[in-house]
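Visitor: Could you take me through one part of this protein at close range? I'd like to know what packs against what, and where the odd spots are.

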Amino acid sequence: MFLVAGCGSYFRPKNPDAPRIQEDEEVRMGRQFRREIKQHLKLLNQPEVERYVDQVGRRVLSAMGSLPFDYRFFVVEENQLNAFAVPGGSVYLYTGLIDRAKSTGELAGVMGHEIIHIKDKHMARLSGPDPLSLLALVAMILARGGAGAQAAGAIAQGISATRQFAYTRQLELEADTLGVRYMAQAGYDPAAAVSFLKTMDQERFLNPIQVPAYLLTHPLTPERVANMERVVRSLNVDRPRVDGADPLKRIQVLIHLERNEGEAVIAEYGKMVKQSPENAEARHLLAIAQQHGGRTAPARENYEKARALDPKRPGLDRDLGRLYTQSGEFNLAHQVLERAMRAEPREPLTFLYLGELYEKEANLREAASAYLGALNLAPLWPLPPYRVGVAYGKMGRLGDAHYYLGRSNFLQDEDERAIADFERSIKAFGPNSPRTQLVREELEMLKARRR
Ligand SMILES: [Zn+2]
């Protein structure tokens, strides 16, 4: 399944004087993995959830200084307590793990740990039975998620095989120690990293047959917990520096809505609002579920009340802006999105929703410009260039349209499609356009990397 020619050199580095070549090899392999994983796992494409995970990951990365890879963060839509990292900079978090976390700090702890596995090339240091141990590891991770894993026999097999490829005790301790240090430096509460380990340990205790998948590849021992507690004490952090309310609950609600559990969310938060009408968070979350279920009027009322109670709630102005856009109240939509932009000038989601608003107003020029703003702020996110391409397509600017659709496909590792788009773009621009030369250069680079 994962036969990648020449990858043996990555696992058993023979020439330490050639780190540059090895890096490229790692990036290339990382892309290969991303493609395989996309084939086998369902990734969640919910812009708010995608951006949230990306922001937490990037915040942790910001404490690490210069980095050799373009780190990418993905969400797997599966109710499993699991996360994994693949070489070249990709981290995958399962919705089941996000759902079980009690704070964003807990997720930052998991991400710090996974990033260290990538950054310090722990997979290359795994002593598997053959040079393909990493490939086998990922195959195992994927196999556990599949339907076949439901059968008891398959689970048992999966467990024993995965154990064989689990990170070693030493690598786990390293990832814990460095991961928690960086997440604390990034402003998260390091105690959260320990509390999440304990949550997983508890799950294992309560349900010994279905051990959280995460613990199979990252074995949890009392030594690990003790080590983490020691590191946290030594960090001596008195209080975390991440400002504002924790956006995690809102993200968890969005995950539940993606699973079509809207009615349960409405029941839960409806009850909460009835009990304490002044609870801005409950009103906000209720409104999100109501809007998702098409109940615009009560959603609007709850958003507005939540806003009156707590004007600074994370994401509230953006949510309200989308509701006004959907209900055709464009002036109000502009007002709240502008307010959201003033509060967080570098938030790509606000630019994305502003683009949607302009598109609905049939102002395609401004729409494209807003989407380009989102692209500038999140250059590895495939959604903004896709929207730019569609907007240019509607304007009849076909050269630009195909170019940005190509960029979006490129970011999704869809090289063949990206090449076809770039070729169409060149054709549409014509031989005399200065843009043609630029697109041609990107096309050549893309073709070269496939070789
Ligand atoms: Zn680990």
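Guide: Here is a walk around helix 14 and its partners, with a few other spots added at the end. Keep in mind that this is a predicted model.

Let's start with the pair formed by helix 14 and helix 15, the latter covering residues 296–309. Their axes lie 8 Å apart, and the packing angle is about 155°. Angles over 145 degrees count as roughly antiparallel, so helix 14 is roughly antiparallel to helix 15. The crossing of these two helices is left-handed. On the helix 14 side, the residues that meet helix 15 are Ala280, Arg283, His284, Leu286, Ala287, Ile288, Gln290 and Gln291. Helix 15 answers with Pro298, Ala299, Asn302, Tyr303, Lys305, Ala306 and Leu309. Sorted by type, the residues of this contact come out as nine nonpolar, four polar and two charged.

Now turn to helix 16 (residues 316–326), whose axis comes within 11 Å of the axis of helix 14 (residues 280–292). Those axes cross at roughly 30°. With under 35 degrees counting as roughly parallel, helix 14 is therefore roughly parallel to helix 16. Helix 14 passes helix 16 in a left-handed crossing. From helix 14, His284, Ile288 and Gln291 take part, and they meet Leu316, Asp319, Arg322, Leu323 and Gln326 of helix 16. The residues of this contact split into three nonpolar, three polar and two charged. His284, Ile288 and Gln291 also turn up in the list for helix 15.

Next, have a look at the loop between helix 15 and helix 16, where you'll find Arg313. Arg313 has a relative accessible area of 7%, so it counts as buried. Setting aside residues up to four places away in sequence, Arg313 touches Ala245, Ala280, Glu281 and His284. Ala280 and His284 are both on the helix 14 side of the contact with helix 15. Pro311 sits in that loop between helix 15 and helix 16 too, but at 45% relative accessibility Pro311 is partly exposed. Pro311 and Ala280 are 31 residues apart in sequence, and their C-alpha atoms are 9.2 Å apart in space.

On to the odd spots. Most residues other than glycine have a negative phi. Ala362 goes against that with a positive phi of about 65°. Ala362 belongs to the loop between helix 18 and helix 19, and at 61% relative accessibility it is exposed. Asp413 is another non-glycine residue with a positive phi, this one near 60°. Asp413 lies in the loop between helix 21 and helix 22, and at 7% relative accessibility it counts as buried.

Follow the chain into helix 22 (residues 415–429) and you'll come across Ser425. Ser425 is buried, with a relative accessible area of 0%. Its contacts, leaving aside neighbours within four places in sequence, are Gly399, His402, Tyr403 and Val439.

One last stop is a hairpin. Strand 2 (residues 83–86) and strand 3 (residues 90–94) run antiparallel and are joined by four bridges; Ala83, for one, has Leu93 as its bridge partner. Ala83 and Ala85 point one way from strand 2, Phe84 and Val86 the other way, and all are buried. Three residues separate the strands of this hairpin, and Gly88 takes a positive phi near 90° there.

Terms used: Residues numbered from 1 in each chain as written. Predicted model: local features only at pLDDT ≥ 70, side-chain atom pairs only at ≥ 80, totals over all residues. Heavy atoms only, no water. Buried < 20%, exposed > 50% of the residue type's maximum accessible area, 1.4 Å probe, protein only. Pairing = 2+ DSSP bridges. Contact = heavy atoms within 4.5 Å. Axes fitted to C-alpha atoms, helices over the stretch in contact; angles between N-to-C directions. Parallel < 35°, antiparallel > 145°, perpendicular 65-115°, else oblique. Left-handed = near helix turned anticlockwise from the far one by under 90°. Nonpolar A, V, L, I, M, F, W, Y, C, P; charged D, E, K, R; others polar.
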